[in-house]
Every structure is written in structure tokens, then in C-alpha cells.
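This report introduces a protein model together with its bound ligand. Please examine the sequence and the structure before reading on.

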Amino acid sequence: MRDYRIEQIRRAEAYSHTEAYNKLALFEPGSWLSGPVKTILELLPHFQNRRSFRGLDLGCGVGRNCIPVIQALRGIPCVMNCVDILPLAIDKLRENAEKYRVESSINGIVCSADQYPIAEEQYDLILGVSVLEHLDSVDTLARKLDEIYRGLRQDGIACFVINTSIQEHDRSSGASRNVQFEINMSTGEMERILDAAFSGSEVLRRRVVHYQYDTYRESGIVRLDTDVLTYAVKKRS
Ligand SMILES: C[S@@+](CC[C@H](N)C(=O)[O-])C[C@H]1O[C@@H](n2cnc3c(N)ncnc32)[C@H](O)[C@@H]1O
């Protein structure tokens, strides 16, 4: 059955990222694409002694995180499967992978994270930066987290950055708007779901920071207020 709410949110998300990816170059100073998520770089020493590395980047965008990961692990044979629902993101990811000479290590895949099947015990690192809140339901989120846990190899790491407790306002009038995220949970609720999915794993990072930022909507620019949860776990041997 068609879900008009999800379709509407996905149109809004595609619009805002099409605008962003057409206007901003990867690593453009002063923009949200200026550099990778710092926590991800801080996790990389865990992989320095591996003989090979396999990663998965869900909602990879144009390569802001996966490209620096591959660059930092130079010398280790690396492959990253990089998944995004937006074809433009994957086109630009491929261009950027060539530009930064990591194209042989990056597989760009156009697919929704809801649908992308995660093979068991395949990955050293699974990233989900600003994507889990775009899964199509809370049930899908719980199922996907279970798949991610199973998809990690022993000592593999999952790292998520998730918008929670989100509010959306029209920037010029200040009027409150419907939030264009499929899942909008309180931070505590999201932490409880993550803790349940990764019980028995070692929590490497748990941090919440309040952010305000602007994004594009067809009606104009809106301001988002969000508590951004960074959560990283290591699957125990
Ligand atoms: C805020 S951007 C972040 C991109 C990248 N993770 C980064 O940190 O630069 C969110 C990305 O998730 C993608 N996305 C949104 N919903 C998705 C879904 N259900 N499945 C896969 N990708 C999705 C968008 O197209 C967009 O490229």
C-alpha cells in the first residue's frame, strides 16, 4: 500500500540534497561537506593492523566520510560498499572517488537503506551518518540495526550520527512546519533502541550535541533544530 507521508518526506529529502550536492563541492570549506565526521577518523586506528578492510557506508552522499576512510587506510586492501537512495549522490560519489584516486576501493550503489541487504559478518566498519532517521519506520530501524550487528565481523565497528528530537521552522516567518524526517524520536528513545540492538558490544562513543542548521525545501529555506546523537560500538570477540 502506498504511504503518502513517506513519499512526501522522500521528495523533500531528495529536493534538499539535490540542491546541496549541485551547489556544494565535496570538502568545500565552510560548508557541511567541508570534512568527514571527526569521530569516524578517530575510530580508524582500530583498523591499522588489519590485512584487509571492508566497509559499508549507508546514506553515503557524495563521499564525505568513505573517501577519507579509504585515504587514511592506504596500504591496506580496502573495499567500501557505499549506498544512497539518490542517484545524483552516487554519480557525484563516483566522480569524487576518481578525483581523489580511490575509485578502485569504492562501490557506489543506488538503493534505499531500508532495502539494501547487509550480508552477515562481512564488515569491519559500518557507517550511518544522517540516514537511520530516514528509514521508513521504527520497525525497519530495529530490523536494520539487527542486520548491522550481524553484518559486523568480530571487532567490527558501527558508527552512527542521528538527528533526534527534530523541529523544523520556516526561516523567514519562524512558523513551525511538519518535520521532513521519517523517524523523529527523542534522544533517549533512540539510545534505548541502539543499546538494545548492540547489548554486549563495547560502546566507544556516545555524545549528544544540539545543532541548528538550515536546509532547502521547495517552499524555501527552513531551520532545523536537532539533538545530534553520535554513537559508535565495537562488536566484541
Ligand atoms: C545529510 S546527507 C549525509 C550524507 C553522508 N552520510 C555524509 O555524512 O556526508 C543524508 C544522505 O542520506 C541519503 N538518504 C536519505 N534517505 C535515505 C534512505 N532511506 N536510504 C539511503 N540513503 C538515504 C540522502 O540522499 C543523502 O545523501
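The following text describes the surroundings of the ligand and then the packing of two helices.

The model is predicted. In it, 21 residues surround the ligand, and those that come nearest are Y21, G59, R64, D84 and A113. By residue class, the shell around the ligand divides into nine nonpolar, seven polar and five charged residues. Helix α1, which spans residues 4-23, supplies the largest share of this shell, namely four residues.

Polar side-chain atoms approach the ligand at several points, including those set out in the table.

| Residue | Side-chain atom | Ligand atom | Distance |
|---|---|---|---|
| R64 | polar atom | oxygen | 2.8 Å |
| N65 | N or O atom | oxygen | 3.0 Å |
| D114 | N or O atom | nitrogen | 3.5 Å |

Beyond these individual distances, the cover of the ligand can be stated as an area: taken alone, the ligand exposes 600 Å², and the protein buries 95% of that.

Helix α1 also takes part in the packing of the model. Its partner is helix α4, formed by residues 87-99, and the axes of α1 and α4 lie 9 Å apart. How are the two helices, α1 and α4, oriented to each other? The angle between α1 and α4 is about 25 degrees. Angles under 35 degrees count as roughly parallel, and α1 and α4 are therefore roughly parallel to each other. The crossing that α1 and α4 make is left-handed.

Key: Residues numbered from 1 in each chain as written. Predicted model: local features only at pLDDT ≥ 70, side-chain atom pairs only at ≥ 80, totals over all residues. Heavy atoms only, no water. Near = heavy atom within 4 Å. Polar contact = N/O pair within 3.5 Å; in protein donor to acceptor, adjacent residues only side chain to side chain. Areas by Shrake-Rupley, 256 points an atom, 1.4 Å probe, with all protein chains shown as cover. Nonpolar A, V, L, I, M, F, W, Y, C, P; charged D, E, K, R; others polar. Axes fitted to C-alpha atoms, helices over the stretch in contact; angles between N-to-C directions. Parallel < 35°, antiparallel > 145°, perpendicular 65-115°, else oblique. Left-handed = near helix turned anticlockwise from the far one by under 90°.
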